[in-house]
Amino acid sequence: MVTIGNAHEDLIHDAVLDYYGKRLATCSSDKTIKIFDIDGTENYKFITTLSGHEGPVWQVAWAHPKFGPILASCSYDGKVLVWKENPETQQWSIIAEHTIHQASVNSVSWAPHELGAVLLCTSSDGKVSVVDFKDDGTTSHVIFDAHAIGVNSASWAPLNSATSSSLSSSASSSKDPTALKQQRRFVTSGSDNLARIWKYDPASDSYVEEAKLEGHTDWVRDVAWSPSNLIRPYIATASQDRTVLIWTQDKDGKWIHQNLTEEKFPDVCWRCSWSLSGNILAVSGGDNKVTLWKENLQGKWESSGDVEQ
């Protein structure tokens with residue numbers, strides 16, 4: 001296990017490996033982002049510090065390598081910055097600045113790469129924005145109201161999960177931008193105790209609510225859509241109410257939930273994250289522990305261990 005000590009001068013809020021697991025990006029309340037090269041399970045090398053935000057940096061997200069070495073970051077300063085490395089000089093620079101939000105931007109996530117370079121941003125101003133980075137270097141965005149008190153996080157649906165608005169096989173396999181756009185779906189979580197599923201609506205060229213997930217009694221801090229549908233789609237929501245809920249669709253397409261655990265967690269549930277195969281869920285909380293969970297053959301979730309530091 002690679003352990004990096006004293007990486008930042010303040011709290012670290014996110015740490016994300018790139019697609020190949022070779023690079024690590026971390027971000028902190030010290031307003032900086034740091035990039036490390038990771039070699040195996042023992043060695044790492046500090047590469048650079050990225051400075052550009054004027055407040056704590058909450059989250060970072062690597063773009064798919066088909067777009068090049070690109071990293072997005074979001075901050076309390078209300079900005080989303082997109083960084084790119086010059087392969088020749090290995091210098092990082094800001095190539096885009098997204099400043100549409102009026103309050104802290106709490107999460108950033110790139111769409112499945114088949115949909116293009118599309119960035120999903122959530123903010124404490126209650127709005128969600130979706131930014132399209134086009135091949136000609138221009139950008140366009142859509143912004144809409146999502147959660148009344150603030151949006152805490154968001155997660156894209158994998159491409160093959162468009163159950164309620166499935167496209168014909170010819171449309172889904174084509175490169176037609178309009179057909180691809182209609183496959184866009186994601187889930188958001190908010191301070192209104194709700195999670196909401198949104199889908200792209202070509203008539204309004206915006207996003208409309210497809211489902212409302214009601215089950216928590218306090219802020220929903222994080223939401224994660226399983227990247228692999230396996231038997232059916234899974235969504236996990238982690239909440240201030242010390243519970244994690246697992247959402248699936250019944251035979252009629254209605255979203256239903258079950259509690260991950262019978263007893264509440266000992267503290268606030270901050271983050272939840274699926275393994276790449278989509279069958280193991282990691283949960284981190286205010287007790288500074290990360291626990292792993294897996295569904296058994298009876299459909300119940302059981303502990304799969306803890307992550308020890």
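**A walk through the strands**

Let's start with an open sheet of four strands, which runs in the order E5-E6-E7-E8 with antiparallel pairing. Its edges are taken by strand E5 (57-62) and strand E8 (92-98); each has a single partner strand, so one side of each is left without a neighbour in the sheet. If you look at how neighbouring strands of this sheet sit against each other, they are turned by 25° on average, direction ignored. Keep in mind as you go that this is a predicted model.

Stay with the E8 edge for a moment. Strand E7 (residues 80-85) runs antiparallel to E8, and six bridges join the two. To find your place in that pairing, pick out Glu-85: its bridge partner in E8 is Trp-92. As a general reminder, strands of a sheet pair through backbone hydrogen bonds, either parallel or antiparallel.

Now go back along the chain to strand E3 (residues 32-39), which is mostly covered, with six of its eight residues buried. E3 is a handy strand to follow, as it pairs with E2 and also with E4.

Take the E2 pairing to begin with. Strand E2 (residues 23-28) and E3 run antiparallel and are joined by five bridges. Arg-23 has Asp-37 of E3 as its bridge partner. E2 and E3 make a hairpin with three residues between the strands, and here Lys-31 takes a positive phi near 75°.

On to the pairing with strand E4 (residues 43-51), where E3 is again matched in the antiparallel sense, this time over eight bridges. Look for Asp-39, which stands opposite Asn-43 in E4. E3 and E4 also form a hairpin with three residues between them, and the turn holds Gly-40, whose phi is positive at about 70°.

For the last stop, jump well along the chain to strand E18 (residues 235-239), where you'll find Ser-239. Is Ser-239 buried or exposed? Its relative accessibility is 0%, and because buried means under 20%, Ser-239 counts as buried.

So what does the side chain of Ser-239 have for polar company? One of its polar atoms lies 2.8 Å from the backbone oxygen of Trp-219. Trp-219 also turns up in the list of residues that Ser-239 contacts once you leave aside neighbours within four places in sequence. That list runs through His-216, Asp-218, Trp-219, Val-220 and Arg-221, and then adds Val-268 and Cys-269.

Note on methods: Residues numbered from 1 in each chain as written. Predicted model: local features only at pLDDT ≥ 70, side-chain atom pairs only at ≥ 80, totals over all residues. Heavy atoms only, no water. Buried < 20%, exposed > 50% of the residue type's maximum accessible area, 1.4 Å probe, protein only. Pairing = 2+ DSSP bridges. Polar contact = N/O pair within 3.5 Å; in protein donor to acceptor, adjacent residues only side chain to side chain. Contact = heavy atoms within 4.5 Å. Axes fitted to C-alpha atoms, helices over the stretch in contact; angles between N-to-C directions.
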